[in-house]
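Hi,

Here is the structure I promised to pass on. Have a look at it first, and my notes follow underneath.

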Amino acid sequence: MSESELAVLLDKVRAFFAAYVIVPGDEYLDAITLWIAHSHAIAAADTTPRLIFKSPEKESGKTRALEVLELLTPKPLAIINTTVAAIFRLLKEEQATLLIDEVDAIFGPRAAREHEDLRSLINAGYRRGATVARVVGEGKKMKVERFPVFAATALAAIGDLPDTIESRALIVPMRRRAPDEHVAAFRRRK
């Protein structure tokens, strides 16, 4: 692909995202577009920043942002409620893009201790080569197996996330649309 063809493609991706999601400025659209391109070129990356859509309140476009990313990223794995074991087993099968919604429910004050393993996976997964070691098999055939956790990952949350996650992230501060701001109707089937 030539540079001019790549520029046209990136412009189209940017316009597609912007048609459905309001972000606070053009620089955020640029960052999101480049992150999408990065997710397609993940095989060439040694690290991958997390992309976080966060706001202080609901109905700010965070989930919609993940829904649009699901159409623009390779092998999207949209997650709301699953186990860490399922995630790292799926990542072993294929290099997926993780899209995790409702992260505030996972890392909120009441639930954070129960989800330390997910936080660890998200933290470690920013670096190529990071793995989770687990014992697999039955009886005398048990062995230790390493599961890769490196993946482009986007998260959506109300409020702040653990600083260990945010320190590895591009953060997009979301807000409710103003009355004069309009987006296209999002119909996934179309």
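Before anything else, keep in mind that this is a predicted model. Among contacts between residues at least 6 apart in sequence, 68% join residues at least 24 apart.

On the overall picture: I count seven helices and seven strands, and along the sequence they come in the order α-α-β-α-β-α-β-α-α-β-β-β-α-β. The C-alpha trace spans about 65 × 45 × 35 Å along its principal axes. The radius of gyration is 18 Å, which agrees with the value near 16 Å for a compact globule of 190 residues. Of those 190 residues, 39% count as buried.

For the surface, the protein exposes about 11000 Å², and carbon and sulfur atoms supply 52% of that. As for charges, there are 28 positive and 26 negative side chains, with the centres of the two sets 6 Å apart.

Next, helix H6, which covers residues 116-124. Its buried residues are Leu118, Arg119, Leu121, Ile122 and Asn123, so you'll find an arginine and an asparagine listed there alongside leucines and an isoleucine. What covers them? The cover includes strands S1 (50-55), S3 (97-100) and S6 (153-158), plus helices H4 (84-93), H5 (103-107) and H7 (163-166).

Then the aromatics. The structure holds four aromatic pairs. One of them is phenylalanine 16 with tyrosine 20, an edge-to-face pair at 5.2 Å centre to centre with 65° between the planes. Both sit in helix H1 (residues 3-20), and because they are four residues apart, about one helical turn separates them. In general, an α-helix has 3.6 residues a turn, so residues three or four places apart point the same way. Are these two buried or exposed? Phenylalanine 16 is partly exposed, with a relative accessible area of 30%, while tyrosine 20 is buried at 18%.

Another pair is phenylalanine 88 with phenylalanine 147: the ring centres are 4.8 Å apart and the planes are at 50°, so this one is tilted. This pair links distant parts of the chain, with phenylalanine 88 in helix H4 and phenylalanine 147 in strand S5 (residues 143-148), 59 residues apart. Phenylalanine 88 and phenylalanine 147 are both buried. Helix H4 also turns up in the cover over the buried residues of H6.

Last item: ring pairs link Phe16, Tyr20 and Phe186 into a cluster.

Cheers

How values were computed
Residues are numbered from 1 along each chain as its sequence is written. This is a predicted model: local features need pLDDT of at least 70, side-chain atom pairs count only at pLDDT 80 or more; totals for chains, interfaces and linings use all residues. Side-chain values use heavy atoms; hydrogens and water are left out. Helices (H or I, at least four residues) and strands (E, at least two) are DSSP runs, numbered from the N terminus. The radius of gyration is taken over C-alpha atoms; the globule rule is 2.2 Å times the number of residues to the power 0.38. Buried means under 20% relative accessible area, exposed over 50%, partly exposed in between (1.4 Å probe, protein chains only). Contact means heavy atoms within 4.5 Å. Accessible areas come from the Shrake-Rupley method with a 1.4 Å probe; for residues, only the protein chains shown count as cover. Lys and Arg count as positive and Asp and Glu as negative; His and the chain ends are not counted. The place of a charge is taken as NZ of Lys, CZ of Arg, CG of Asp or CD of Glu. Rings of Phe, Tyr and Trp (its six-membered ring) pair if their centres lie within 6.5 Å; planes under 30 degrees apart count as stacked, over 60 as edge-to-face and the rest as tilted.
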